[in-house]
Amino acid sequence: MGSRRDYRSMRSCSGWRRILLLIPVLFLLPHLSSLHDFSSDSARRNDARTIPSKKLDHLVLGPVAGQGLSDRLHCGGTKALNKTHGSTSPVSGAGNGVSFVTVFTVYNTSLGNVKSANMVSVVGNVTYSKPERSMAVLNAFAYFIQVTMPKSNVVILTDPASDLSIQQSNVMVQPVQGDYSRGNLMLQRIRSYITFLEMKLKKNEGGINHYIFTDSDIAVVDDIGAIFDKHPSFHLALTFRNNKDQPLNSGFIAVRGTREGILRAKVFLEEVLKAYKTKYMKASRMLGDQLALVWVVKSHPSFDAKRFTKPQAFTQEIAGASVLFLPCALYNWTPPEGAGQFHGMPLDVKIVHFKGSRKRLMLEAWNFYKSTSNIPDMLCLVLGSGRTKYDF
């Protein structure tokens, strides 16, 4: 009897031991589950960060910024609800000409052989290879100028080896020797601008023709020749924005067409080129020209960078030249910033700059204009679609 009781007692004790041993496990199980959930969530977040957001091959029309502000474009879809400037006739009082100058080259293939290249993009009912879509953007650039400034012409500075064939009456191709490789293009652009200005000084053609050096991915949506009359004393003009690291954009440089204006602009750009080569060659593929431009401006002892925080034009003597600073909000407006930093699109915007992954939007905007002949409605399309990054 005694041994049986002892055996039952031992079984009872071992049972309690097992229960006691299970208590910590039961306590830890919820925490282990939470840890697993946290690890899974972290993994999903890491996966989301590593998977790049897809760039779209079609327009996405979303809400537009600036609604309710009296000086901003108001839209109902792609219909402008308030009037913009709407000017399509030249307003330059002195009757001087204005030429737009851009640097452009084609890589890896001649335009005569583009049909054999891979077809990569469809815009509207047109299929483009990569070089063809670059040419389409260049053509749209010239077409917009033809609409809003019909008396102006376009000069394309390019590598003599490039096979460019532009069938537009307002476009002239000007070969300029240099290194137009991708990694050197921004540096070459400044050199080509300087060479072009030197050519104009040597020709001494008589009369006054102003020059506006721009990127080829801009749309001129209003006559901007008035800046030369409204601000009669500047030699060259730049565009600025309230951006601490990159307050100046090199995609717009206007030069007064007098001999003094051309000469002083050439000297100024030579200073930019010198700063580029000595300080910013590591950024030669991208942004080096803008960094050099900012350095030349900010290195002037009397320059006050706080003036970049207010979107108001001002003039400053820099490197022997009278430099007019124009707000990007009007003269270099960009779709992504328009939806955020600038709080919509100003009614009197002059230039829309399709920077980065918004070249498709530029072609779509031109197609829209061709079907409507309405600049304000087209600007609503741009404003509503500009937050999205597209496939080119």
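What share of the contacts in the protein chain with a separation of 6 or more comes from residues 24 or more positions apart? In this predicted model, the figure is 67%. The protein chain is built from 10 helices and 14 strands. It has 392 residues, and buried ones make up 48% of them. On the outside, about 19,800 Å² is exposed, with carbon and sulfur atoms supplying 54% of that area.

Next come the open spaces. The largest pocket holds about 1,400 Å³ of space, and 38 residues line it. Nearest its centre lie L185, M186, D217, M286 and K359. Several elements give two or more residues to this lining, namely the strands β3 (97-103) and β11 (248-255) along with the helices α2 (130-148), α3 (185-203) and α6 (288-298). Of these, α2 gives the most, with 5 residues. Sorted by class, the pocket lining comes out at 16 polar residues, 11 nonpolar and 11 charged.

There is also an enclosed space to look at. The structure holds 1 cavity of 30 Å³ or more, and the volume of the largest cavity is about 70 Å³. Its lining is made up of R189, I190, Y193, S250, I253, L269, V272, D289 and L293. At least two of these residues come from each of α3, β11, α5 (259-279) and α6, with α3 supplying the largest share, 3 residues. Here the classes split into 6 nonpolar, 1 polar and 2 charged residues. Some elements turn up in both places: α3, β11 and α6 each give two or more residues to the pocket lining, and each also supplies at least two to the lining of the cavity.

Then there is α5, one of the helices beside the cavity. This helix has 21 residues and runs 30 Å from its first C-alpha to its last, close to the 30 Å expected at 1.5 Å a residue. Its buried residues are G261, I262, A265, K266, F268, L269, V272, L273, A275 and Y276. An α-helix has 3.6 residues a turn, so residues three or four places apart point the same way. The buried set fits that rhythm in places, for example at I262, A265, L269, V272 and Y276. Two of the buried residues, L269 and V272, are also among those that line the largest cavity.

Methods. Residues are numbered from 1 along each chain as its sequence is written. This is a predicted model: local features need pLDDT of at least 70, side-chain atom pairs count only at pLDDT 80 or more; totals for chains, interfaces and linings use all residues. Side-chain values use heavy atoms; hydrogens and water are left out. On a 1 Å grid over the protein atoms alone, a cavity is a set of points where a 1.4 Å probe fits but cannot get out, and a pocket is an open set with protein on both sides within 12 Å along at least five of seven lines; lining residues have an atom within 4 Å of a point. Grid points are joined across faces, edges and corners, and a volume is the space filled by probe spheres set on the points. Helices (H or I, at least four residues) and strands (E, at least two) are DSSP runs, numbered from the N terminus. Ala, Val, Leu, Ile, Met, Phe, Trp, Tyr, Cys and Pro count as nonpolar, Asp, Glu, Lys and Arg as charged, and the others, Gly among them, as polar. Buried means under 20% relative accessible area, exposed over 50%, partly exposed in between (1.4 Å probe, protein chains only). Contact means heavy atoms within 4.5 Å. Accessible areas come from the Shrake-Rupley method with a 1.4 Å probe; for residues, only the protein chains shown count as cover. The expected span of a helix is 1.5 Å times one less than its number of residues.
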